[in-house]
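Thanks for coming. I have one structure to go through today, so let me put it on the screen.

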Amino acid sequence: MPMFADYHVHTAFSDDSVYPMENVIQDAIAMHMDEICFTEHVDYGIKFDQEPGKPILYRGNEPLTNCDYPLYMKTIQEMKKKYGHKIRIKTGMEFGMQKHTIPQYQALFDRYPFDFILLSIHEIDNQEFWNQDYLKGKSQKEVYEGYYQALYELVSSYKDYSVLGHMDLINRYDKQGAYPFEKIKPWIQKVLEVVIQDQKGIEINTSSKRYGLKDSTPSKEILQLYHDLGGTILTIGSDSHKPEHLGTGIQEAKEMLKAIGFQTYCTFEKMTPIFHRL
């Protein structure tokens, strides 16, 4: 039987979800999922570690806190004991990294045993994408070149990750329309060459339909380039935050990857990729 795994899942341990971890696991089991990897948010520079006895900082109604790491690790171990005979549960994080925050992420990575790390960019110079702070006042050329230059600097400097999360995320927030792939291809190729050389990978993020995007995330052009450059490490994740997100689009993503020419995709164990037939 083919592997059914979701490798980008958020729970109430992420600041933008209220989906309890145990409910996620129960829902995944009901869907006959073989494996699930939790990837809770950490966004140093924008958000802060929650320390015992200190008040939680808020922006409006939004808590500006990272994952509660000790409780997260403890809860995963409890869930493994309770449900491990029905589903494999993997420990991950989504590192929303900026170059000036690398030391904080390195310290966090060194502190805990991880199976999987998504390396993502959600902000540049502490300017976030979702609220348009980073994009305001910039031309498309400045937006895209700045984004991929930041990604290139990260993959050149930081190596304790597994795959790049939603590699062309900036597309989701660009209100100026599609930016030609050929204009940004040299930067994307530079990033992918480092990723492949370091034996890292990229993820297929199936939330693209949820956000009304016309292409996959990353785009088929990026996936084709990754294939042509010899890339083989791929994970598939729903970027789930709610019950209706979990496991969505994974089979369709597999079919798309096969059409491009990929033969395998990956799960992870202790930061090591395990290959499965598509």
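First, a convention: I say a charge sits over a ring if NZ of Lys or CZ of Arg is within 6 Å of the ring centre and within 35 degrees of the ring normal. Keep in mind that this is a predicted model.

By that criterion, the charged end of Lys-200 sits over the ring of Tyr-161, at 5.5 Å from its centre. Lys-190 lies over the face of Tyr-152, and there the distance from the ring centre is 4.3 Å.

Now the aromatic pairs. Searching the whole structure gives 16 of them. One is Tyr-152 with Trp-187, an edge-to-face pair at 6.2 Å centre to centre and 70 degrees between the planes. This pair links distant parts of the chain, with Tyr-152 in helix α4 and Trp-187 in helix α6, 35 residues apart. Tyr-152 has 26% relative accessibility, so it counts as partly exposed. Elsewhere, ring pairs join Tyr-44, Tyr-69, Phe-95, Tyr-105, Phe-109, Tyr-112 and Phe-114 into a cluster.

On to α4 itself, residues 140-157. Its 18 residues should span 26 Å at 1.5 Å a residue, and the end C-alpha atoms are indeed 26 Å apart. Which of its residues are buried? They are Gln-140, Val-143, Tyr-144, Tyr-147, Tyr-148, Ala-150, Leu-151, Leu-154 and Val-155. Viewed down the axis of α4, the buried residues fall within an arc of 150 degrees, so they line one face of the helix. As background, an α-helix has 3.6 residues a turn, so residues three or four places apart point the same way.

Helix α1, residues 21-30, buries Met-21, Val-24, Ile-25 and Ala-28. Down the axis of α1, these fall within an arc of 95 degrees, so they too line one face. Their cover includes β1, β2, α2 and β5. After α1 comes His-32, with a positive phi near 65 degrees.

Last, Gln-98, in the loop between β5 and α3. Is Gln-98 buried or exposed? Its relative accessibility is 4%, so it counts as buried. Outside its neighbours within four places in sequence, Gln-98 is in contact with Tyr-44, Gly-45, Glu-123, Ile-124, Asp-125, Asn-126 and Leu-154. Two of these involve backbone nitrogens: the Gln-98 side chain reaches that of Asp-125 at 3.0 Å, and a polar atom of the Gln-98 side chain lies 2.7 Å from that of Asn-126. Of the residues it contacts, Tyr-44 is also in the ring cluster, and Leu-154 is among the buried residues of α4.

That is what I have.

Technical notes:
Residues numbered from 1 in each chain as written. Predicted model: local features only at pLDDT ≥ 70, side-chain atom pairs only at ≥ 80, totals over all residues. Heavy atoms only, no water. Buried < 20%, exposed > 50% of the residue type's maximum accessible area, 1.4 Å probe, protein only. Helix = DSSP H or I, 4+ residues; strand = E, 2+ residues; numbered from the N terminus. Arc of directions from axis to C-beta. Contact = heavy atoms within 4.5 Å. Expected span 1.5 Å × (residues − 1). Phe/Tyr/Trp six-rings, centres within 6.5 Å; stacked < 30°, edge-to-face > 60°. Polar contact = N/O pair within 3.5 Å; in protein donor to acceptor, adjacent residues only side chain to side chain.
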